[in-house]
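Biologist: Could you take a close look at one part of this structure for me, the aromatic rings and the charged side chains around them? I would like one connected account.

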Amino acid sequence: MIKINNAKKNYNSEVNIGPLNIKIPKAGITSLIGPNGAGKSTTLLMIGRLLNIDQGQIEVANMDVSKVKSEDLAKVLTILRQENHFVTRLTVRQLVGFGRFPYSKGRLREEDEVIISKYIDFLHLRDLEDRYLDELSGGQRQRAYVAMVLCQETEYVLLDEPLNNLDVARSVQMMEHLRYAANEFGRTILTVMHDINFASKYSDRICAMKNGKIVAFGTIDEVMKPKLLTEVFETKIETIEGPYGPIAIY
């Protein structure tokens with residue numbers, strides 16, 4: 001479980017995130033939605049300890065993220081942020097292999113190579129594994145980054161806009177992969193999602209944020225309400241019942 005207790009990040013007198021209070025259960029997919037500047041990515045970065053909190057406490061798997069050793073946290077939680085600055089002359093396989101660093105410390109063993117191959121195949125990257133990152137499209141690189149974080153084989157996976165640079169078909173494929181990882185690998189996946197209909201279709205729970213605060217948290221049916229979505233995004237939103245659940249209509 002991810003527990004956030006009165007966590008707050010202060011930027012200046014006008015911009016701050018929190019205080020945030022939420023308990024995100026183990027397993028499944030939870031999506032953070034909300035307009036730009038709502039605090040979604042900041043919240044994700046604080047959970048992943050890439051951004052320090054100014055007050056409060058965040059626990060992942062009963063570990064205080066501000067106190068636990070990095071090497072211990074890296075075996076429980078992995079995070080992919082929006083901006084990634086890897087050396088472009090890395091191959092796809094080398095990039096995915098970074099996911100094994102908490103275990104291999106840079107000296108890959110045979111069992112690490114097996115796991116690397118597993119996630120290269122999982123994200124359909126076999127034909128690209130020997131290509132360099134600067135030879136890939138944005139969507140191909142995004143798949144490689146996701147393969148890297150899954151290769152770390154942590155119970156908790158944090159993804160900031162995993163559908164970046166992906167067209168509709170690839171976005172569907174990516175979410176199907178994440179859904180499978182949650183169901184079959186038992187992963188607890190927390191994502192920042194721009195498209196609320198993708199969040200609705202593939203998530204188990206949705207956390208809606210606005211102005212640095214949590215407005216609502218619950219099941220798809222509980223959050224995908226016209227009045228609530230209209231309040232969060234400050235634009236008229238209706239919902240209809242689709243074959244996979246509620247669909248937002250702008």
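Modeller: Arg89 lies over the face of Tyr132, 3.9 Å from the ring centre, in what is a predicted model. A second charge is placed over a ring as well, since the charged end of Lys118 sits over Phe185, 4.7 Å from the centre of that ring.

Phe185 leads on to the aromatic pairs, of which the structure holds 6. The rings of Phe122 and Phe185 have centres 5.5 Å apart and planes at 50 degrees, and the pair is therefore tilted, because an angle over 60 degrees would be needed to call a pair edge-to-face and one under 30 to call it stacked. Phe122 belongs to helix α5, which covers residues 110–122, whereas Phe185 is in the loop between α7 (168–184) and β8 (188–192), so this contact ties together parts that are 63 residues apart in sequence. Phe122 is buried, with a relative accessible area of 14%, while Phe185, at 27%, is partly exposed. Phe185 also forms a pair with Tyr180, and here the arrangement is edge-to-face, with 5.7 Å from centre to centre and 90 degrees between the planes. Tyr180 is partly exposed, its relative accessibility being 41%. Together with Tyr119, the residues Phe122, Tyr180 and Phe185 make up one aromatic cluster.

Turning to the salt bridges, the structure holds 15 of them. One of these joins the side chains of Arg93 and Glu113, at 3.0 Å from N to O; Arg93 lies in helix α3 (residues 92–97) and Glu113 in helix α5, so the bridge ties together parts that are 20 residues apart in sequence. Glu113 is partly exposed, with 30% relative accessibility. Another salt bridge brings together the side chains of Glu129 and Arg126, likewise with 3.0 Å from N to O, and in this case Glu129 is buried at 12% relative accessible area, whereas Arg126 is partly exposed at 34%.

Asp204 forms a salt bridge with Arg179, whose closest N and O atoms are 2.9 Å apart. Asp204 is found in the loop between α8 (196–202) and β9 (205–210), and Arg179 in helix α7, so the two tie together parts that are 25 residues apart in sequence. Of these partners, Asp204 is partly exposed, with a relative accessible area of 31%, and Arg179 is buried, with 16%. Finally, salt bridges with shared partners link Arg93, Glu113, Asp121, Arg126 and Glu129 into one network.

How values were computed
Residues are numbered from 1 along each chain as its sequence is written. This is a predicted model: local features need pLDDT of at least 70, side-chain atom pairs count only at pLDDT 80 or more; totals for chains, interfaces and linings use all residues. Side-chain values use heavy atoms; hydrogens and water are left out. Rings of Phe, Tyr and Trp (its six-membered ring) pair if their centres lie within 6.5 Å; planes under 30 degrees apart count as stacked, over 60 as edge-to-face and the rest as tilted. Helices (H or I, at least four residues) and strands (E, at least two) are DSSP runs, numbered from the N terminus. Buried means under 20% relative accessible area, exposed over 50%, partly exposed in between (1.4 Å probe, protein chains only). A charge sits over a ring if NZ of Lys or CZ of Arg is within 6 Å of the ring centre and within 35 degrees of the ring normal. A salt bridge is a side-chain nitrogen of Lys or Arg within 4 Å of a carboxyl oxygen of Asp or Glu.
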